[in-house]
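Got the viewer open and your mouse ready? Let's take a walk through this model, one selection at a time.

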Amino acid sequence: MLVDQSAETKRLHALYASQRRAYDKLPMPDLEQRLQWLEALHEVIASHQQALVEAISADFGNRSADETLLAEVMPSLHGIRHAKRHLARWMKPSRRRVGLAFQPASARVLYQPLGVVGIIVPWNYPLYLAIGPLIGALAAGNRALLKMSESAPATGRLLRDLLGQVFAEHEVAVVLGDVETGKQFTRLPFDHLLFTGSTEVGRQVMQSAAANLTPVTLELGGKSPAIVAADVPLEQAAERIAFGKTLNAGQTCVAPDYVLVPQQRLEAFVEAYRLAVQRFFPQLTDNPDYTSIINERQLLRLEGYLADARARGALLLPLFDEGQGRRLPHHILLDVNDDMQVMQDEIFGPLLPVLPYASLDEAIAYVNARPRPLALYFFGHDRAEQQQVLERTHSGGVCLNDTLLHVAQDDLPFGGIGASGMGHYHGHEGFLTFSKAKAVFSKPRFNAARLIYPPYGGRLQRLIRQLLVR
């Protein structure tokens, strides 16, 4: 079903105006209203799990039903429950200290909704990356407009219909449409704009938002490394890296992009990784667990990486004999170098370069010589080495001896740094991102501050000397 782009753009502007009017009428929804919104969101997702699974699979050509439940439905529902459980505490104004020189007085921070929030949703996790930011926006008391990806049209239409069942459009609404609609979306004077996607498009989003001084949260990605230590059990490390790389066929912003392995363990790691992937997927053909690449354009991009790497001298090790449709066979790539496209761009697919290193210092230096990634994974049980990696590298988040799962922790912030993004959300950080922390200073009837009013003179100077000594 094609979307009328002109009509969708007009609808976008009408929806924004409607949400702005609704916010002006009720700028500070109470706890009960926000809990109602979150409960409605929970109920509509929980009640339509199968429809969501089918829509997402239709968009991909084949998306494992279990992967959708595990990586999209479950964390969405858990995130809503976490927000409901803690929202009363998050909303409570926090008391702050007033200095002796300014007494008697009180100070507090009031957490106020920003207003109308825009959320731009990517295609790779079209449910979770819509619902995750929406939880924070609603918990903070905002209205929200979501722009769904044109690469996941079935999911976009379904989510528009489902959210329309439980929310008025002046509360939450979904916009479809193509790239031009997306550009129009970023030009609206939102009170906050959250974008998840590529670094290149993130720059364009930030540039558009700057015209309105709209604050942005950018969740981008980059080349997230995995470092395997010299003493960690290889089977354990390989299996956990394989899970992180094969989930959603590697189309995950925090998927391990490449692996650094001690030189003397390279061959053993490659074999352990191959066995782990083939245990997960004994065959590729007709395997419902093996997710397809989202579309032909992305498939051609990944095949181009393989052709370029082969032409530049890389050794390609396919883990399956052949593909099926857009089910691209998993590949290990050896003997790679920085001239290859696969080592320049975020891979976002089932291709894993494996590089040797001579020392942990060398591995850390390799990571630090490149743009800061969204995630970093270190596999090793030596506490001193773990601390070295944590202190000497920068990334949006870290897993020690695992991959991906830090993203599913509702009480941890999620966000990038540098080329991998800016800002945080999830849990309390999501509430804070979509709130204005308003400073409130309050004086009683008695005003000791009259002592510092003009005309200035000896009395004020004596007071200043006393305060400076304290």
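Start by selecting helix 7 (179-186) and colouring Thr181, Gly182, Phe185 and Thr186, the buried residues of this helix. "Buried" here is under 20% relative accessible area, while exposed is over 50% and partly exposed is in between, using a 1.4 Å probe and protein chains only. Helices (H or I, at least four residues) and strands (E, at least two) are DSSP runs, numbered from the N terminus. This is a predicted model, so to speak of local features pLDDT must be at least 70, side-chain atom pairs count only at pLDDT 80 or more, and totals for chains, interfaces and linings use all residues. Residues are numbered from 1 along each chain as its sequence is written, and side-chain values use heavy atoms, with hydrogens and water left out.

Now look down the axis of helix 7. Its buried residues fall within an arc of 140°, so they line one face of the helix; the arc is that of the directions from the helix axis to the C-beta atoms. What do the buried residues of helix 7 pack against? Show helix 1 (5-25), strand 3 (116-120), strand 4, strand 5, strand 6 and helix 8, and you have the set. Contact, by the way, means heavy atoms within 4.5 Å.

Next, the sheet. Select strands 5, 4, 3, 6, 7 and 15, in that order: these six strands form an open sheet with mixed pairing. Two strands pair if DSSP finds at least two bridges between them. At the edges sit strand 5 (172-175) and strand 15 (421-422), each pairing on one side only. Zoom in on strand 4 (residues 143-147), which runs parallel to strand 5 and is joined to strand 5 by four bridges. To see one bridge, pick Ala144 and its partner Val172 in strand 5.

There is more pairing to visit. Strand 1 (residues 94-96) and strand 2 (residues 106-113) run antiparallel, with three bridges between them; click Arg96 and you'll find Ala107 of strand 2 standing opposite. On to strand 2 and strand 16 (residues 435-442), also antiparallel, where eight bridges make the join. Here Ser106 stands opposite Ser442.

Time for some empty space. Rolling a probe the size of a water molecule over the atoms shows where empty space is left. On a 1 Å grid over the protein atoms alone, a cavity is a set of points where a 1.4 Å probe fits but cannot get out, and a pocket is an open set with protein on both sides within 12 Å along at least five of seven lines; lining residues have an atom within 4 Å of a point. Grid points are joined across faces, edges and corners, and a volume is the space filled by probe spheres set on the points.

The largest pocket has a volume of about 1,400 Å³. Select Phe195, Gly197, Ser198, Thr199 and Val201 to land at the residues closest to its centre, out of 50 that line this pocket. Which helix gives the largest share of that lining? Helix 8, with six residues. By class, the lining of the largest pocket has 20 nonpolar, 16 polar and 14 charged residues. (Ala, Val, Leu, Ile, Met, Phe, Trp, Tyr, Cys and Pro count as nonpolar, Asp, Glu, Lys and Arg as charged, and the others, Gly among them, as polar.)

Hop over to the second largest pocket, with about 390 Å³ of space. Its centre is closest to Ala71, Tyr128, Leu404, Val407 and Ala408, among 21 lining residues. Helix 4 gives the largest share of this lining, five residues, and the lining as a whole splits into 17 nonpolar, three polar and one charged.

What about closed spaces? The whole structure holds three cavities of 30 Å³ or more, and the largest cavity is about 140 Å³. Select Gly79, Gly132, Ile135, His426 and Gly427, which lie nearest its centre among 16 lining residues. Helix 5 gives the most to the lining of the largest cavity, with six residues.

While helix 4 is on screen, pick His82, which lies in that helix. His82 counts as buried because its relative accessibility is 9%. Beyond its neighbours within four places in sequence, His82 is in contact with Trp90, Asp410, Asp411 and Gly427.

Last stop: Ser224, in the loop between strand 7 (216-219) and strand 8 (225-228). Is Ser224 buried or exposed? Buried, because its relative accessible area is 0%.
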